[in-house]
Amino acid sequence: MNKELMEALDILEKEKEISKETLFEAIENSLLTACKNHFGKADNIIVSVNRETCDFKVVAEKEVVATGADVEDDCLQISLEEALKYSKKAKVGEPVQIEIKSKEFGRIATQNAKNVILQKIREEERSVIYNQYYEKEKDVVTGIVQRYIGKNISIDLGKADALLNENEQVKTEHFKPTDRIKVYIVEVKNTTKGARILVSRTHPELVKRLFEAEVAEIADGTVEIKAIAREAGSRTKMAVWSDNPNVDPVGACVGMNGSRVNSIVDELRGEKIDIINWDENPGNLIQNALSPAKIVAVFADPDEKTAKVVVPDYQLSLAIGKEGQNARLAARLTGYKIDIKSETQAKDAPGFRYEDYLDDEYDEEYEYDEEAYEEVEE
């Protein structure tokens with residue numbers, strides 16, 4: 001048994017995750033290459049490697065001819081006299097197998113054979129790494145900041161490096177080499193130089209994957225994330241829902257004393273996260289999305305995907321948010337174009353009967369009223 005070769009294959013399979021069968025095929029191809037370099041051709045060469053013992057055998061299949069004078073090609077033909085030295089059953093016109101000793105190969109042939117094996121190992125290693133990270137595409141992984149390449153950042157993911165482009169970075173985040181961060185794998189490309197992995201810190205799916213990892217109820221499907229709207233580095237709004245009446249989806253995401261959501265906020269370097277209840281009723285959903293502002297009334301048109309929202313005068317700036325952020329995120333989250341008015345502005349609207357829609361308790365129950373919406377439009 002070739003113990004040294006067997007040990008080497010075991011190590012390669014364990015460390016590089018390259019299958020032994022692939023390595024055996026590489027060895028066979030390397031021996032064929034060596035034969036071709038040594039003899040000039042390898043059309044009649046048969047190579048076999050025992051998968052159990054790692055012993056290998058190289059034979060040349062030659063046609064038996066009557067005499068040496070009849071031999072036209074030494075690589076393909078052999079005289080009967082010579083053939084009988086290898087097989088007593090040799091007959092003219094029939095093939096005979098001649099064993100070739102690999103130690104007879106020259107230095108150049110041996111070096112080429114070695115290069116064939118190394119090249120195959122490199123190709124398989126790149127293929128294994130690509131497949132591993134391709135399976136993690138659209139998922140979150142932990143990496144270590146290596147260095148800045150211009151304004152881009154190289155991230156060490158363990159077996160491969162990823163690139164965090166400038167446009168995928170949060171403007172308020174600043175990293176130092178050796179910092180451990182979580183990134184979202186946007187795309188994995190297979191190139192001649194290996195896997196090219198593009199990652200992001202701004203993608204909304206990063207927040208979703210972090211919650212899936214942190215909240216058991218989301219991981220097992222009890223709580224579902226219906227929609228996410230994000231302005232990276234500043235604020236995220238997320239709508240959650242559960243078909244289990246005994247489960248509070250918002251509470252599950254927040255955790256005891258905010259432990260779950262706070263761990264994600266820490267990972268996102270202080271980015272604020274608003275978690276709201278999803279509602280099939282567009283009016284209720286828009287009201288929830290504009291949280292923390294109090295809402296007097298919502299008139300939503302599902303066909304046009306537009307909505308008019310009335311808020312108390314003192315809540316107008318809160319509903320709109322700093323630089324319009326709260327209203328902008330609510331619009332992205334719900335998919336509705338939202339027009340927010342104060343009570344005073346709404347009362348001045350033609351044909352609007354404010355007293356019909358005022359709810360002194362602000363009890364968060366507002367239904368879509370088609371007639372009321374049409375009156376406001378008029």
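A residue is taken as buried when its relative accessible area is under 20%. By this criterion, buried residues account for 42% of the 378 residues in the chain of this predicted model. The surface that the chain exposes amounts to about 21,300 Å², and carbon and sulfur atoms contribute 46% of that area.

The overall dimensions depart from those of a compact globule. For 378 residues, such a globule would have a radius of gyration near 21 Å, whereas the value computed for the chain is 36 Å. The C-alpha trace spans about 115 × 45 × 40 Å along its principal axes. Among contacts with a separation of 6 or more, 59% are between residues 24 or more positions apart. The secondary structure of the chain comprises 13 helices and 15 strands. With regard to charge, 52 side chains are positive and 75 are negative; the centres of these two sets are 11 Å apart.

Strand β8, which covers residues 180-191, pairs with both β5 and β9. Its pairing with β5 (residues 140-149) is antiparallel and involves five bridges. Within this pair, V141 has V183 of β8 as its bridge partner. The pairing of β8 with β9 (residues 194-200) is likewise antiparallel and is formed by seven bridges. Here K189 is positioned opposite R196 of β9. The connection from β8 to β9 is a hairpin of two residues.

Several backbone features were identified in loops. In general, most residues other than glycine have a negative phi, and most peptide bonds are trans. Against this background, T178 shows a positive phi of about 85° although it is not a glycine. This residue is located in the loop between β7 (161-164) and β8. T178 counts as exposed because its relative accessibility is 61%, the cut-off for exposed residues being over 50%.

A second positive phi, of about 55°, occurs at E323, which is also not a glycine. E323 belongs to the loop between α10 (316-320) and α11 (325-334). With a relative accessibility of 72%, E323 is therefore classed as exposed.

A cis peptide bond is present from S291 to P292, with omega near 15°. P292 lies in the loop that separates α9 (282-289) from β13 (297-301).

Note on methods:
Residues are numbered from 1 along each chain as its sequence is written. This is a predicted model: local features need pLDDT of at least 70, side-chain atom pairs count only at pLDDT 80 or more; totals for chains, interfaces and linings use all residues. Side-chain values use heavy atoms; hydrogens and water are left out. Two strands pair if DSSP finds at least two bridges between them. Helices (H or I, at least four residues) and strands (E, at least two) are DSSP runs, numbered from the N terminus. The radius of gyration is taken over C-alpha atoms; the globule rule is 2.2 Å times the number of residues to the power 0.38. Buried means under 20% relative accessible area, exposed over 50%, partly exposed in between (1.4 Å probe, protein chains only). Contact means heavy atoms within 4.5 Å. Accessible areas come from the Shrake-Rupley method with a 1.4 Å probe; for residues, only the protein chains shown count as cover. Lys and Arg count as positive and Asp and Glu as negative; His and the chain ends are not counted. The place of a charge is taken as NZ of Lys, CZ of Arg, CG of Asp or CD of Glu.
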